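Colleague: I have a model open and would like to go through its ligand site, its open space and a few unusual residues. Could you take me through them?

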Amino acid sequence: MNKLASRNNITCPFCGLVCDDLSTSLINEKLEVTANGCSLSKLAFAQLSSVNASDLRPRVSGKPVGDNELGHAIAEAAGLLRGSAQPLFSGLMTDVSGMRAITSLADRCGAILDHPNSAALTRNLSVLQNSGWITTTFSEVKNRADLIVLVGTDAVTRFPRFFERLVWNKDHLFSEELKREIVYLGDIKNTQPGVAPNGRQPLVIPCNQEKLGEIMGALRCIATGKHIEATEIAGVSIQVLEKLISKLSNARYGVIVWAVADLDFPHAELTIQSLCELVKYLNKTTRTCGLPLGGNDSDLTANQVTTWQIGFSLPVSLANGRPSYDPHHFTTTSLLAQGAVDTLLWVSSYQAQRTPPATKIPSIVLGCAGMQFENEPDVFIPVATPGLDHSGHIFRSDTVVALPLRQLRTNSLPAVAHVIGALQKLL
Ligand code: SF4
C-alpha cells in the first residue's frame with residue numbers, strides 16, 4: 001500500500017464548487033473517493049485511475065515515443081509552433097501554474113487564447129462590463145441567506161453538492177438555525193434537492209427558459225411599482241410574480257442564483273442583466289445578492305489568470321504584439337470554421353472526454369492519459385491532473401479564493417506548466 005494511502009480534506013477540481021472536504025484512498029495505484037464525494041467526483045477519480053502504462057507515453061504522428069523521450073515529443077510540438085503563422089491555444093483546462101505558463105507561451109508565439117466555455121463566460125462578463133452587479137460568496141450564502149431563488153437552473157446537475165455544501169449545511173456562523181426558503185424559476189428538471197430536511201417544499205414557478213428575460217422584466221416592473229396591464233407573463237400569473245417580489249423584499253438576505261451555462265439561448269445576457277438590475281433595486285430596502293455559478297472545466301481559473309497576466313478576459317489575441325479582446329471573433333469554433341488559425345494547441349488536464357474539436361490543421365494536445373481521439377493529433381503528450389498527480393491552485397465559482405490542490409499519487413506524468421515551459425525554451 002502506498003504511504004499516501006488515505007487523505008482527508010482533499011480539494012476536488014471537477015466542478016466550480018471546488019469542495020475541499022473529500023476523503024480519498026490510494027490502493028494499488030487506484031484513487032477512490034471514500035467520503036463526501038458526489039457522483040461526478042467519484043466517476044472522475046475512477047476514470048483517471050483506470051489508465052494503462054502505455055497511456056502514459058507521448059505519441060508523435062500516432063506512434064508512441066520511447067521511454068524517457070518526452071523531450072522528443074516536446075521538440076516536435078515546438079517545430080509545429082515555430083512553423084505556425086497564427087496559432088490558437090484552446091482548451092486551457094489546467095491550474096493556475098499551467099495557465100501562467102500558457103499565457104507566457106502565447107505571448108512568445110503571438111497566439112490567440114480561448115476556452116471552450118468562453119461563450120458562456122462572455123454572457124456574464126458582458127453584464128459585468130456594461131452595468132456591473134452585486135454578487136456574493138459561498139460563505140455568505142452558507143451563513144446568511146434566508147431566501148434562495150434559482151433562475152433557470154437546478155444547480156445540482158452541474159454542481160452536485162450545491163445544496164449539501166451551501167444550503168442545508170448546519171455548519172454556519174450563527175447558532176440560530178436559518179429558516180431557508182427555496183424558489184425555482186424556469187424549466188427546472190430536478191427540484192428534489194430543494195426540499196428542506198424538515199420537509200418544507202420549494203416553490204416552483206415553471207416557465208420556458210427562453211422566456212426568463214420577460215419574467216425578469218416583469219419582476220423589475222413590479223419591484224419598482226410600475227403598472228402591468230397583462231394578467232400573465234410567459235404563462236406565469238402576475239400574482240405569482242408579485243408574491244415572489246414580496247418574498248425577496250421581505251427576506252433579510254435573498255440570493256438569486258444562476259448558472260450561466262444553463263442560460264444558453266439568444267441574448268441570454270439581457271436576461272442576466274435584468275436579473276442583476278433587479279438585485280440592485282432590491283438593495284434599496286433589503287439585502288439581496290446574485291450568485292453566478294460557473295468554474296467548471298477550470299474556465300474561471302483560465303480567465304482569472306489571463307486577466308491578471310494580460311489585462312483582458314478570454315478570448316484574447318496576442319497576434320499583433322499587444323492584446324486584442326474580441327469575444328465574438330476569437331472563439332475556437334469560429335476561428336477553426338473560418339480557417340483563421342493554422343495550428344491548434346489544446347490543453348485538457350482534468351477529463352479525458354474533453355477532447356479538441358475536429359480539425360485538419362496541425363494539432364498538439366496536452367491531455368489526460370487515456371484520451372481517445374477521432375483524429376489523432378500530430379503530437380499528444382499525456383499530462384498530470386492537478387489535484388491528483390501534482391499540487392496546484394484552482395479558482396472556485398465565486399472567484400474570491402483560489403483553493404490549494406494536493407498531490408495524491410506519484411507517476412511519470414509531467415505537469416502542464418512543465419511541458420509548456422520546456423516548449424517555450426525551444427522557441
Ligand atoms: S460537487 Fe463538484 S467539487 Fe464537489 S465533489 Fe462534486 S464534482 Fe467535486
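Modeller: One term first: helices and strands here are DSSP runs, numbered from the N terminus, with at least four residues for a helix and at least two for a strand. Please also keep in mind that this is a predicted model.

Colleague: Where is His 267 found, then?

Modeller: His 267 is in the loop that runs between strand 13 (253-259) and helix 9 (268-282). Its phi is near 60°, a positive value in a residue other than glycine.

Colleague: Is His 267 buried or exposed?

Modeller: His 267 has a relative accessible area of 55%, so it counts as exposed; the cut-off for that class is over 50%.

Colleague: Why point out a positive phi at all?

Modeller: Because most residues other than glycine have a negative phi. Leu 92 is another case, again with a positive phi near 60°.

Colleague: And where is Leu 92 found?

Modeller: Leu 92 belongs to strand 6, residues 87-93. Leu 92 counts as buried because its relative accessibility is 1%, and buried means under 20%.

Colleague: Which peptide bond is cis?

Modeller: The bond from Leu 314 to Pro 315 is cis, and its omega is near -5°. Pro 315 itself lies in the loop between helix 10 and strand 15 (316-317).

Colleague: Changing topic: where does the ligand sit?

Modeller: The ligand sits in the largest cavity. A search of the whole structure finds 1 cavity of 30 Å³ or more, and the largest cavity holds about 80 Å³ of space.

Colleague: Which residues are around the ligand?

Modeller: Four cysteines are among them: Cys 12, Cys 15, Cys 19 and Cys 38. The others are Leu 17, Val 18, Leu 22, Leu 40, Ser 41, Pro 160 and Arg 161. By class, this shell has 9 nonpolar residues, 1 polar and 1 charged.

Colleague: How many residues line the largest cavity, and which lie nearest its centre?

Modeller: The lining has 13 residues, and those nearest the centre are Cys 12, Cys 15, Cys 19, Cys 38 and Ser 41. It divides into 10 nonpolar, 2 polar and 1 charged.

Colleague: What about the largest pocket, how much space lies in it?

Modeller: The largest pocket contains about 800 Å³. Its lining comprises 43 residues, and Leu 121, Gly 294, Gly 295, Asp 299 and Leu 300 lie nearest the centre. The classes are 21 nonpolar, 17 polar and 5 charged.

Colleague: Which elements supply the lining of the largest pocket?

Modeller: Helix 4 (118-131), strand 14 (287-293) and helix 10 (299-310) each give at least two residues. Helix 4 has the largest share, with 6 residues.

Colleague: Which domains does the lining draw on?

Modeller: Domain 1 (56-117 + 297-425) and domain 2 (121-294) each contribute at least three residues to the lining of the largest pocket.

Colleague: One last residue: where is Lys 360 found?

Modeller: Lys 360 is in the loop between strand 17 (343-348) and strand 18 (363-368). Its relative accessibility is 90%, so Lys 360 counts as exposed.

Colleague: How many Å apart in space are Lys 360 and Leu 173?

Modeller: From C-alpha to C-alpha, Lys 360 and Leu 173 are 55 Å apart. In sequence, 187 residues separate the two.

Technical notes:
Residues are numbered from 1 along each chain as its sequence is written. This is a predicted model: local features need pLDDT of at least 70, side-chain atom pairs count only at pLDDT 80 or more; totals for chains, interfaces and linings use all residues. Side-chain values use heavy atoms; hydrogens and water are left out. A residue is near a molecule or strand if one of its heavy atoms lies within 4 Å of it. On a 1 Å grid over the protein atoms alone, a cavity is a set of points where a 1.4 Å probe fits but cannot get out, and a pocket is an open set with protein on both sides within 12 Å along at least five of seven lines; lining residues have an atom within 4 Å of a point. A molecule sits in a cavity or pocket if more than half of its atoms lie within 2 Å of its grid points. Ala, Val, Leu, Ile, Met, Phe, Trp, Tyr, Cys and Pro count as nonpolar, Asp, Glu, Lys and Arg as charged, and the others, Gly among them, as polar. Grid points are joined across faces, edges and corners, and a volume is the space filled by probe spheres set on the points. Domain bounds come from an automatic or database domain assignment. Buried means under 20% relative accessible area, exposed over 50%, partly exposed in between (1.4 Å probe, protein chains only).
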